[in-house]
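The following exercises are to be worked through with the sequence and the coordinates at hand. Each task is followed by a solution in steps.

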Amino acid sequence: GLILGIRSVTVKKHLEHIFEKMGVETRTAAVAFAIRASRRMTKLSSLPFAYLLTQMLEDNVVDLALMLEPLLSS
């Protein structure tokens, strides 16, 4: 919240919405969800997911929020 200039209560509310979309209740469960999602995405590429994502973000090829949207909306 400090970096974004928003209150901690606002951060918590955003996290609640994200957790709801992910179908999880804790930060730990959200991390596990993200790891599983990254493994599914890695299967689609011959490059390691982290390297591929880093390159795409650096080249402004992909917007991370748009990339994760299908995972969160399902």
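**Exercise 1. A charged pair in a helix**

At 44% relative accessibility, Lys 13 counts as partly exposed. In this predicted model, identify the residue whose side chain meets that of Lys 13 in a salt bridge, and describe the setting of the pair.

*Solution.*
- Step 1. The partner is Glu 16, with a separation of 3.1 Å from N to O. The criterion is a distance within 4 Å, so the pair qualifies.
- Step 2. Both residues belong to helix H1 and lie 3 residues apart, which means that about one helical turn separates them.
- Step 3. Residues three or four places apart in an α-helix point the same way, because there are 3.6 residues a turn.
- Step 4. Glu 16 is partly exposed as well, its relative accessible area being 44%.
- Step 5. The count of salt bridges comes to 1.

**Exercise 2. The span of H1**

Determine what distance the ends of H1 should span, and compare this with the model.

*Solution.*
- Step 1. H1 has 15 residues, and the expected span is 1.5 Å times one less than that number, which gives 21 Å.
- Step 2. The end C-alpha atoms of H1 are 21 Å apart, in agreement with the expected value.
- Step 3. After H1 comes Gly 23, with a positive phi near 75°.

**Exercise 3. The nonpolar core**

State which residues make up the largest nonpolar core, and which helices supply at least two of them each.

*Solution.*
- Step 1. The core has 5 residues: Phe 19, Met 22, Val 24, Ala 30 and Phe 33.
- Step 2. At least two of these residues come from helix H1 (8–22), and at least two from helix H2 (27–42).
- Step 3. Apart from neighbours within four places in sequence, Val 24 has contacts with Phe 19, Ala 29, Ala 30 and Phe 33.
- Step 4. Nonpolar side chains tend to be buried together in soluble globular proteins.
- Step 5. In the protein chain, 15% of the 74 residues count as buried.

**Exercise 4. The whole chain and its confidence**

Give the secondary structure of the protein chain, and state which elements have the lowest and the highest mean pLDDT.

*Solution.*
- Step 1. The chain contains 4 helices and 0 strands, in the order α-α-α-α from the N terminus.
- Step 2. The mean pLDDT of the chain is 77, with 57% of the residues at 70 or more.
- Step 3. Among the elements, the lowest mean, 66, belongs to helix H4 (residues 64–73), and the highest, 91, to H1.

Conventions:
Residues numbered from 1 in each chain as written. Predicted model: local features only at pLDDT ≥ 70, side-chain atom pairs only at ≥ 80, totals over all residues. Heavy atoms only, no water. Core = buried A, V, L, I, M, F, W, Y, C linked by side-chain atoms within 4.5 Å. Buried < 20%, exposed > 50% of the residue type's maximum accessible area, 1.4 Å probe, protein only. Contact = heavy atoms within 4.5 Å. pLDDT = per-residue confidence, 0-100.
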